[in-house]
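Me: I'd like to learn how to read a protein model step by step. Could you take me through one?

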Amino acid sequence: MQQSYRISKIIIEKAIREDFPASLIQHIRYIDPVIWSSLLGVYELLKLRDQRLSTDDVGVILCGKSYPKEASTRVLESLLKNGRVSPLHFTAANAAASISMICATFHFHGPTLDLCMPVQTALPTIEVIIQHWLGQNLKTIFVIKQDHESRAEVEHIFVEDERINHALSNVSRTGDDESF
């Protein structure tokens, strides 16, 4: 099963109004645009499954070269200008911010892993980790591959009836609407 779509500010606003939990809405202004692709990829795959997950056993792996550049820039500018940084801005500016936002939004408890390296370099490690986690009876894993700020590939690996299944979502932001 594969789904591919482009994301724009209109899609984000619609998802926020109609479907996203209130816990996400209160933090929306701190979310870096790079996080939207992975967050919405997970969201769309969860909607496709149309069933509740036990949030205690959901693994999330993030790999790729992209990171929250806008949030990082805000942190640096604030440091230079004020000599201090808002804790909310600081937490949104780290390389694992996508994992944090996904786990906070969907109440996933982990395990989690952030591999700050190109996707191709990370693939062998990801395969080993997936096999290890599945061997520990983890039933659901999301793998987010994001080498570009405007695109994310989100793979959903889940065990049903003793079989390992895969679903894939490719999300990309529209080029003409970079500011969310």
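Reply: Happily; we will go from the overall fold to the core, and then to two strands. Keep in mind that this is a predicted model.

Me: Let's begin with the fold. How many helices and strands does the protein have?

Reply: A good habit is to count the elements and then read their order. Here there are seven helices and six strands. Starting at the N terminus, the order is β-α-α-α-β-α-α-α-β-α-β-β-β.

Me: What share of the contacts joins residues 24 or more positions apart?

Reply: Among contacts with a separation of 6 or more, 69% are between residues 24 or more positions apart. As for burial, 46% of the 180 residues count as buried. The accessible surface is about 9700 Å², and carbon and sulfur atoms make up 53% of it.

Me: Now the interior. Which residues have the most contacts inside the largest nonpolar core?

Reply: First the general idea: in soluble globular proteins, nonpolar side chains tend to be buried together. In this model the largest nonpolar core has 26 residues, and those with the most contacts inside it are Val42, Val60, Ile102, Phe106, Phe108, Phe142 and Ile144. At least two residues of this core come from each of α3 (33–49), β2 (58–63), α6 (97–106), β4 (140–148) and β5 (151–160). The most, nine residues, come from α3. Another core, of 14 residues, lies apart from it and includes Leu115, Ala122, Leu138 and Ile141.

Me: Could we zoom in on Val60? What is Val60 in contact with, beyond its neighbours within four places in sequence?

Reply: With those neighbours left aside, the contacts of Val60 are Ile99, Ile102, Cys103, Phe108, Pro111, Thr112, Leu113, Trp133, Phe142 and Ile144.

Me: Why is β2 described as largely enclosed by the rest of the structure?

Reply: For a strand, look at both faces. β2 is largely enclosed because six of its six residues are buried. Val58, Val60 and Leu62 point one way, while Gly59, Ile61 and Cys63 point the other way. β2 runs parallel to strand β3 (residues 112–115), joined to it by four bridges. Within this pair, Leu62 stands opposite Asp114 of β3.

Me: One last case, from β5: is Glu155 buried or exposed?

Reply: Here the number to check is the relative accessible area. Glu155, in strand β5, has a value of 16%, so Glu155 is buried, the cut-off being under 20%. Beyond its neighbours within four places in sequence, Glu155 is in contact with Leu45, Ile141, Phe142, Val143, Lys145, His166, Ala167 and Leu168.

Conventions:
Residues are numbered from 1 along each chain as its sequence is written. This is a predicted model: local features need pLDDT of at least 70, side-chain atom pairs count only at pLDDT 80 or more; totals for chains, interfaces and linings use all residues. Side-chain values use heavy atoms; hydrogens and water are left out. Buried means under 20% relative accessible area, exposed over 50%, partly exposed in between (1.4 Å probe, protein chains only). Contact means heavy atoms within 4.5 Å. Accessible areas come from the Shrake-Rupley method with a 1.4 Å probe; for residues, only the protein chains shown count as cover. A nonpolar core is a set of buried Ala, Val, Leu, Ile, Met, Phe, Trp, Tyr and Cys residues joined through side-chain atoms within 4.5 Å. Two strands pair if DSSP finds at least two bridges between them.
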